[in-house]
Amino acid sequence: MKHFRHLSFALALISVPALAQDPEAVNHFRTGYDLMQKRSYRNAAIALEKAVAADSTYGNAHYVLAQAYKVLNEYNKAISGFTAARALGTKPDRAAKELAQLYHKAAVKSFGQKKYSEAIAYFENALEFNPENTKALYAMGLSYNGLRESTKAKAAFKKAINADVKYAKAHKALGDIQRRDRNYGPAATSYQAAIDADAKYTDAYGGLARVKFETADVEGIIPLMEKALTIDAKYAEGHLFLGNALSQLGRQQDAVGPLRRAAELDGKNCEARFRLGEAYYGIGNYRQTIKAAQQATRCQRNYRAAEVLLGDGYFKLSQFEEARSWYGRAIADSRFKDYATHQLKEIERLSKGP
């Protein structure tokens, strides 16, 4: 309803057609104008298209036609109409504001369709009207990131941060690229800046945790994730990171709880099930190891690490045929080939007896 009130107000500001306009164009304009007030937007657009076809200098007709297409979500046609109206001197300031909004909407639509180059072009047009539009700069960075143009993406994110230093998403997105490029120091700084800007932004905590894993600061992950989980107890990735860190520090018994919680919260998180299996293996609960690792392999095809873990679980229970089957699958992965081969030989030796 609010949108229609604004539209009615905009229509009210349109001046009465000047006598200098082509009479045929004026008649079409009046028809379109009346249809707009009746909210018959498609028919209004048809009539107004006839008005501008009859008289291309008819600024009011271009402006109202643009309003019709805006309501119909036909962004390019609306942009053309407001551009023409502005060039003709009809409500230039208002037309400029409308264009800025439409370019942004068109960009967001293109981004959602993964048409990143098209989105960038629209964002650039939007920024001509408002160079400090933080959301547009951030979304442009995401678009460049979608095209794997990291340098341009980083530049866009930095511009977004310069426009609004408290825009946490831009800091986090910049950190993601820096971490991907293995620039761990700057990445950690960016993630911390995101947290400083928004203390409840759990994804930024997650990004910082990843940096700590990759720089072997495993102990630093525990207080970081404990803080994140006080913010959001249902932060599945936070439970996963906490459990994984505890497990890597040899505290598998403590790791079981958060890893089990991560698996409960995110039914599609295959790693949570694998890490849970690892923790169970560490405390000697091999049946639970097998159960968790089986869930991981059902969750993700060719999950070789989980296949090795299944082999280890069955091996510990002396169920050698099952162990042989899983090691046989894992041997296809070069990372596990030597270990799986060794285990298969060990099974062969044990199967022969003394």
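# Close-up views of a predicted model

The structure holds 1 disulfide, and the model shown in these views is predicted. Each legend below introduces one region.

**View 1. A disulfide joins cysteine 270 and cysteine 299.** The sulfur atoms of cysteine 270 and cysteine 299 sit 1.9 Å apart. The link between these two cysteines is left-handed, with -70° about the S-S bond. Cysteine 270 belongs to helix α16 (residues 270-282) and cysteine 299 to helix α17 (residues 286-299), so the pair ties together parts that are 29 residues apart in sequence. Is each partner buried or partly exposed? Cysteine 270 counts as buried because its relative accessibility is 11%, while cysteine 299, at 30%, counts as partly exposed.

**View 2. Arginine 275 and glutamate 271 meet in a salt bridge in helix α16.** Here we stay with the helix that holds cysteine 270. The side chains of arginine 275 and glutamate 271 come to 3.1 Å, N to O. Because the two residues are 4 apart in helix α16, about one helical turn separates them. Glutamate 271 has a relative accessibility of 32%, so it counts as partly exposed.

**View 3. Arginine 261 pairs with glutamate 264 in helix α15.** Side chains of opposite charge can pair when their charged atoms come close. In this salt bridge, the closest N and O atoms of arginine 261 and glutamate 264 are 3.4 Å apart. Both residues lie in helix α15 (residues 252-265), where a spacing of 3 residues makes about one turn of the helix. How exposed is each residue? Arginine 261 is partly exposed, with a relative accessible area of 30%, whereas glutamate 264 counts as exposed at 54% relative accessibility.

**View 4. Helix α10 carries a salt bridge between aspartate 176 and lysine 172.** The two side chains meet at 2.9 Å, N to O. Aspartate 176 and lysine 172 are 4 residues apart in helix α10, which is about one turn of the helix. An α-helix has 3.6 residues a turn, so residues three or four places apart point the same way. Lysine 172 is buried, with a relative accessible area of 18%, and aspartate 176 is partly exposed, with 23%.

**View 5. Glutamine 178 is a buried residue of helix α10.** Helix α10 covers residues 168-180, and glutamine 178 has its place there. Its relative accessibility is 9%, so glutamine 178 counts as buried. Which residues does glutamine 178 touch, leaving aside those up to four places away in sequence? They are Asn183, Pro186, Ala187 and Ser190.

**View 6. Helix α11 has buried residues on one side and exposed residues on the other.** The buried residues of α11 include Ala187 and Ser190, together with Tyr191, Ala194 and Ile195. These buried residues cover an arc of only 140° around the axis, which puts them on the same side of α11. They pack against α10 and α12 (202-214). On the other side of α11, Thr189 and Asp196 are exposed. The 14 residues of α11 (residues 184-197) should span 20 Å at 1.5 Å a residue, and the end C-alpha atoms are 20 Å apart, which agrees.

**View 7. Arg42, Glu74 and Lys77 are linked in a salt-bridge network.** How many salt bridges does the structure hold? There are 19 salt bridges, and a network of them links Arg42, Glu74 and Lys77.

Methods
Residues numbered from 1 in each chain as written. Predicted model: local features only at pLDDT ≥ 70, side-chain atom pairs only at ≥ 80, totals over all residues. Heavy atoms only, no water. Buried < 20%, exposed > 50% of the residue type's maximum accessible area, 1.4 Å probe, protein only. Contact = heavy atoms within 4.5 Å. Disulfide = S-S within 2.5 Å. Salt bridge = Lys/Arg side-chain N within 4 Å of Asp/Glu carboxyl O. Expected span 1.5 Å × (residues − 1). Arc of directions from axis to C-beta.
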